[in-house]
Structure formats: structure tokens, C-alpha cells
Amino acid sequence: MDKFTEKNINQDDLDNAKEAKRNLFVLWFGVFMVGVGFSSIMPFLPLYIEDLGHFDTTTLNIFSSVTFAITFVMTALISPLWGRLADKYGRRPMLLRASLGMALVISAMAFVTNVWQLMFLRALQGIFGGFISNAIALIATQTPKEKAGKALGIIATGTTSGQLAGPLIGGVIASTFSYRDSFLLTGGLLFLVFLLTLFAVTEKHTPRENLDHTKSVQKLSFKNLPDKDFLFGLFLTTTVIQVVNTSINPIMALFVREINHTNWSITLLVGIVAAMPGIATIIAAPQFGKLGDKIGPHYILGAGFILAFLVQVPTAFVSSVFVLMFLRFLIGISDATMLPQINSLLSKSAPREMTSRVFAYNQSFASIGNVIGPLIGALVANLFGYRAIFLSGALFIALNFWHFLSTTKNLRQKEKSTEH
């Protein structure tokens, strides 16, 4: 290889690194704002619906639950389609579609006149989803495999911090201005994400039709993948994480009130307890992602299972709200060990031509967890009491860990044979 060719290759590597770094920065802001858009309605949703009609308490609760959940249901259903299109036409077009679509839909929520219009727009919000999964897929395909964990850990902090900050941002805007202004401002910020994606995010995507191995690409499907059981296990883990994290939501305030023996405001304490997992994930996710790159993501993921189980069990027996805060912080640490590793393993296990589809399915499973988690929490609390929610979470984690060990058996055997 002559010096001129070597210099061009080095320059290409440098340009690719700059492109990946810029995309990571822009898409971090993008997934942060999408997280805000999905969660900012939480503090005032029942109050906004109440303004749209005259409902008794039972009807209001049902409408609030359906309006909140329908976004995640539609996301779960439609994400695989967007993933398939992203693999065919590129992730950047899907990012533009999702950011512009959500910007318009969320802004339109400011002008609804009845609850059915709001439900319809919340469903459209879910249909126009897919930004987070395609952002992850784009970063995964542009980042060298040995550095994927760290980059995906950084993206995980954007999603988590957006979901954490969303209720605070939405509540502040709604209380300072109005409920409707909250939708307009959130929609405006998502339109900014669209503009940043349009002008700052780049992607070198080769359409399937131009690939030399078109026939083999067409045959790529989950049923033909050698690691399909492993991938399904990772999807299942994503669902379990969301179920465990959200199952406490219906009874959080009631449980905090039960164990609070201080003069502190219940509202303040609930806010702190709810924020703890997200804060821990933001702090720790990039570090565990980097560690996973060094020693193997499946080892960090396995440690996350063990930590989550060891935290969930004592949480069922807490009698102090401050101990609860500490244990919820540790749950966030376990999330930080698991979420980036799942994305890293998905990236390494999926064929490049199926990357977006794989991450889209993972988002579908996350959305399923967001829907069924609160339902399971409410059911368990009604049957066995608040504390049983944490024990049921520990049971889910233990069963999921057993399944994970069985699906990673081949991976561990390959590593042992390589060492010998």
C-alpha cells in the first residue's frame, strides 16, 4: 500500500470518527427531547382530560389510563414496520419522519376540544414513533464494535434523562402558562430536533437494491437467524426491565405515604423516589457501557440481573423512605448495567442489514413493558399489598436471568473454545 492510499484511508477514518461523534451529540439531544415528549404529559393528563368534558372519577381514570397507554401500544405495533423501512432506505429518513411527525402531532394536542381527539393524537404519536430505535441503530452501525457499549450507554442517558425531566418540564410549563402551552412548546422543541437532524445528521446508506448479495439479504428474517433465541431473550429482558421499573408507578405515592415518618412533603418525597433510578442510570450507564466493551457486555448484563434481584427483595421490607430512595438508586445502577449492554449485544448479534429492524423490535418490547408494568403493579397491589410488587419484580428478574443464562450458553462455550 503506497503512502498516498494510506493517507486517504487515515483521512477517511478521521472523517468517519468526526461524523459519528457529531451524530452522537445531535441524536443524544434528539432522544432526550423524544423522552420529554413521551413523558411530559404525565403530571397533568387527568386534569387536561377533565377540562375536555364532565366525567365522574371512574370514567376519568379510565380515559386517563387509555390516553396514556395508547401511545405505547401503537409504538409496539408499528415499530417493526419502521425498522424494516429503515434497513431498506436508511435510518436518517426515519429519524426525520419521526421527529417531524411527533412535532406536528404533539403541537396539535393543544387544540383538541374533546377526549376522543386527544386519544386519536396520542395514538398518532405512537405511530410516528421510532426515533429512539433508529437513533440507536444509526449509532450502532457507525461506531466500531469495540466502542459500541460506551456510545450506546451515552444514548441511553439521553433517553432516560428525557423521561426523567419530562414530567418536571411539562409540569413547570403547565403551571406557569397552561396545559395547551406545554404541548406547543414540546412540539416546538421536537421541530428543532427535526431541523438538527436534517442539517447535522449524516449517514452513508447503501440501498438493499445496490448490494451485491441482494438475494441473501432478502432471505434475512428472524426465523432464519442462527441467534434468534438469543435476540428474543434480549427483547424479553428489555420488557422485564420496563415492567419492573413501571410496576410501582400506580402505587408510588401511596407506598411513600405509608412508610413516611418525617414532616417532609409527600409530593416532594414521591418526586425524589421516582427520580432516583433515572439519576443513577444517567451517571453510570456510559461507564458500564465502556466496561462492557472491555470485558464483554454479557458479563455486565449478568451482573445487572444479580444486582436487580438483590435490590428488589429488601425493597419489599423497607420502613424508611430514605432507605427506599437508596434502593431505588441502586435499581437505576442495575438499569445502567443492563440497558447499554442489551443494545451492544443486539448490535453485535444482528446482521447489519437487519440492524434497524432488531432495534425496532426491541423498542416494541420496551413499549409492551411500559403498558403491562403498571397493570401488573396495580393487580399485585390489590391482591397482595404494595410490598408484593417488589417481590413479584424479583421473581420476574430471576426467571429472566435463568432464561438469559440458557440463551447465552453457546456464546460462553464459543469464548472458552477461543481461549483454548
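**Exercise 1. Helix H3 in this predicted model: what span should its 33 residues have at 1.5 Å a residue, and how far apart are its end C-alpha atoms?**

Solution.
- H3 covers residues 57-89.
- The expected span is 1.5 Å times one less than the number of residues.
- For H3 that gives 48 Å.
- The end C-alpha atoms are 47 Å apart, which agrees with the expected span.

**Exercise 2. Trace H3 from its start to the residue that follows it. Where does H3 bend, and by about how many degrees?**

Solution.
- Begin at the start of H3. There, a side-chain oxygen of Asp56 comes to within 3.3 Å of the backbone nitrogen of Thr58.
- Move along the helix. The bend is at Ile78 and amounts to about 40 degrees.
- Look just past the bend. Pro80 follows within four residues.
- Finish after the helix. Gly90 comes next, with a positive phi near 115 degrees.

**Exercise 3. Is Gln125 buried or exposed? Which backbone oxygen does its side chain reach?**

Solution.
- Place the residue. Gln125 sits in helix H5, residues 115-127.
- Apply the cut-off. Buried means under 20% relative accessible area. Gln125 has 0% relative accessibility, so it counts as buried.
- Follow the side chain. It reaches the backbone oxygen of Gly37 at 3.4 Å.
- List contacts, leaving out residues up to four places away in sequence. Among them are Gly37, Phe38, Thr71 and Met102.

**Exercise 4. Which residues does Asn134 contact, leaving aside neighbours within four places in sequence?**

Solution.
- Asn134 belongs to helix H6, residues 131-142.
- Its relative accessibility is 1%, so Asn134 counts as buried.
- The contacts are Ala86, Arg91, Met94, Leu95 and Ser356.
- Now take Thr355. It is 221 residues from Asn134 in sequence, yet their C-alpha atoms are 8.9 Å apart.

Methods. Residues are numbered from 1 along each chain as its sequence is written. This is a predicted model: local features need pLDDT of at least 70, side-chain atom pairs count only at pLDDT 80 or more; totals for chains, interfaces and linings use all residues. Side-chain values use heavy atoms; hydrogens and water are left out. Helices (H or I, at least four residues) and strands (E, at least two) are DSSP runs, numbered from the N terminus. Buried means under 20% relative accessible area, exposed over 50%, partly exposed in between (1.4 Å probe, protein chains only). Contact means heavy atoms within 4.5 Å. A polar contact is a pair of N or O atoms within 3.5 Å; within protein, one must be able to donate a hydrogen and the other to accept it, and residues adjacent in sequence count only if both atoms are side-chain atoms. The bend at a residue is the angle between axes fitted to the seven residues ending there and the seven starting there.
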